[in-house]
Structures are given as structure tokens and as C-alpha cells.
Amino acid sequence: MGDAENNNENKANSCESKNQKPDPNRSNRMLELFNGIQGEDLAQFPVPPFTKWLNGQILKADRGDIQVKFRVRPEMANPTGLLHGGMQSAMMDDVIGMACATLGYEGFLLSINLHVSYLDRKSVV
């Protein structure tokens with residue numbers, strides 16, 4: 001198995017439900033949905049309230065992998081004018097949820113533990 005295939009398998013396993021098998025049809029429907037709204041503000045779609053507030057834009061979606069762009073806004077800053085670490089974590093958690101949705105499991109998957117190591121900072125302008 002090549003590195004890319006192995007990497008995709010690891011992504012899929014990180015979101016697996018212990019009692020279910022993924023449904024390829026469900027996965028394909030989510031991919032069609034996500035790819036069909038590429039570049040659009042997520043706030044205009046029926047998404048959870050916090051996803052709506054973050055208002056990202058899907059750039060690309062594949063099974064177990066999604067790229068989302070967010071506009072950093074002043075209300076996302078900490079008192080020093082930097083992007084709040086909680087906002088960064090929330091963005092990651094939201095994108096992880098979208099990536100898991102592309103795997104084809106029934107129901108709603110939850111994050112149980114999210115550990116973040118911050119490598120740099122982002123100024124909010």
C-alpha cells in the first residue's frame with residue numbers, strides 16, 4: 001500500500017464508529033454536497049449554528065479529507081489582537097467533523113479529545 005493510501009486509511013480509522021461499517025452511498029452523498037458548495041459561505045446553508053458563525057468556505061472535499069478556508073474577524077481575537085486559541089481549536093474541530101461526515105457512517109460523530117499544539121500565531125486585522 002502506498003503512502004497516500006495508508007494516510008487515507010489512517011484518517012478514516014480516526015473517525016470510525018465501533019459498531020458500524022461505512023456506507024459508500026452516504027459517503028458519496030456528503031462528498032457531492034460538500035463539493036457542490038465549494039467556495040460558498042457556509043452560513044447560507046442549513047448547518048449547525050457554530051459552523052454558521054464561523055462561516056468557512058469549503059475548498060475541496062475527498063473521503064476523510066476536507067479543506068476549509070475561514071475569514072478571521074475581529075470578534076475572533078484575544079485581548080492582544082491575535083486569533084484566540086479557542087477559535088483555532090473550534091475551527092479544527094469543525095473541519096474534523098466535516099471530514100468524518102464524508103466517511104459514510106450513520107449518525108453524528110463526536111470529538112472526545114482534541115489536543116492542540118500551537119506552532120504560530122495569527123494577527124486579527
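**Group meeting talk: a walk through one predicted chain**

Hi everyone, the chain I brought today has four helices and two strands, where helices (H or I, at least four residues) and strands (E, at least two) are DSSP runs numbered from the N terminus. Before the details, please keep in mind that this is a predicted model, in which local features need pLDDT of at least 70 and side-chain atom pairs count only at pLDDT 80 or more, while totals for chains, interfaces and linings use all residues. Residues are numbered from 1 along each chain as its sequence is written, and side-chain values use heavy atoms, with hydrogens and water left out.

Let's start with the overall layout. Reading from the N terminus, the order of elements is α-α-α-β-β-α. Of the 125 residues in the chain, 30% are buried; buried means under 20% relative accessible area, exposed means over 50%, and partly exposed is in between, with a 1.4 Å probe and protein chains only. The chain exposes about 8500 Å², and carbon and sulfur atoms supply 52% of that area. Those areas come from the Shrake-Rupley method with a 1.4 Å probe, and for residues only the protein chains shown count as cover. As for contacts (heavy atoms within 4.5 Å), take those with a separation of 6 or more: 59% of them are between residues 24 or more positions apart.

Now to the strands. E1 and E2 pair in the antiparallel sense over five bridges; the rule here is that two strands pair if DSSP finds at least two bridges between them. Together E1 and E2 make a hairpin with two residues between them, and Gly64 in the turn has a positive phi of about 75 degrees. E2 itself has two faces: Ile66 and Val68 are on the covered one, while Asp65, Gln67 and Lys69 are on the uncovered one.

Which residue of E2 is the bridge partner of Gln57? That would be Lys69. Gln57 is in strand E1 and is buried, at a relative accessible area of 11%. Leaving aside neighbours within four places in sequence, its contacts are Gly39, Glu40, Asp41, Gln67, Val68, Lys69 and Arg71.

Just before that strand there is a residue I'd like you to look at. Asn55 is in the loop between helix H3 (49-54) and strand E1 (57-62). Asn55 has a positive phi of about 55 degrees although it is not a glycine. As background, most residues other than glycine have a negative phi. Is Asn55 buried or exposed? Asn55 is buried, with a relative accessible area of 15%.

Stepping back into H3, we come to the aromatics. The count for the chain is one aromatic pair. That pair is Phe50 and Trp53, which are stacked at 5.9 Å centre to centre with 15 degrees between the planes. The rule takes rings of Phe, Tyr and Trp (its six-membered ring) with centres within 6.5 Å; planes under 30 degrees apart count as stacked, over 60 as edge-to-face, and the rest as tilted. Both residues lie in helix H3, three residues apart, about one turn of the helix. Phe50 is partly exposed at 39% relative accessible area, and Trp53 is partly exposed too, at 34%. Trp53 also has a charge over its ring: the charged end of Arg73 sits 4.5 Å from the ring centre. For that, NZ of Lys or CZ of Arg must be within 6 Å of the ring centre and within 35 degrees of the ring normal.

Let me finish with two spots towards the C terminus. Gly81 is in the loop between strand E2 (65-69) and H4, and is partly exposed at 26% relative accessible area. Gly81 and Ser123 are 42 residues apart along the chain, yet their C-alpha atoms are separated by 6.0 Å. Apart from residues up to four places away in sequence, Gly81 touches Lys122, Ser123 and Val124.

The other spot is Ser89, in helix H4 (residues 85-101), which is buried at 17% relative accessible area. Not counting residues up to four places away in sequence, Ser89 touches Leu114, Val116 and Tyr118. With Tyr118 there is a side-chain polar contact of 2.9 Å; such a contact is a pair of N or O atoms within 3.5 Å, where within protein one must be able to donate a hydrogen and the other to accept it, and residues adjacent in sequence count only if both atoms are side-chain atoms. Thanks for listening!
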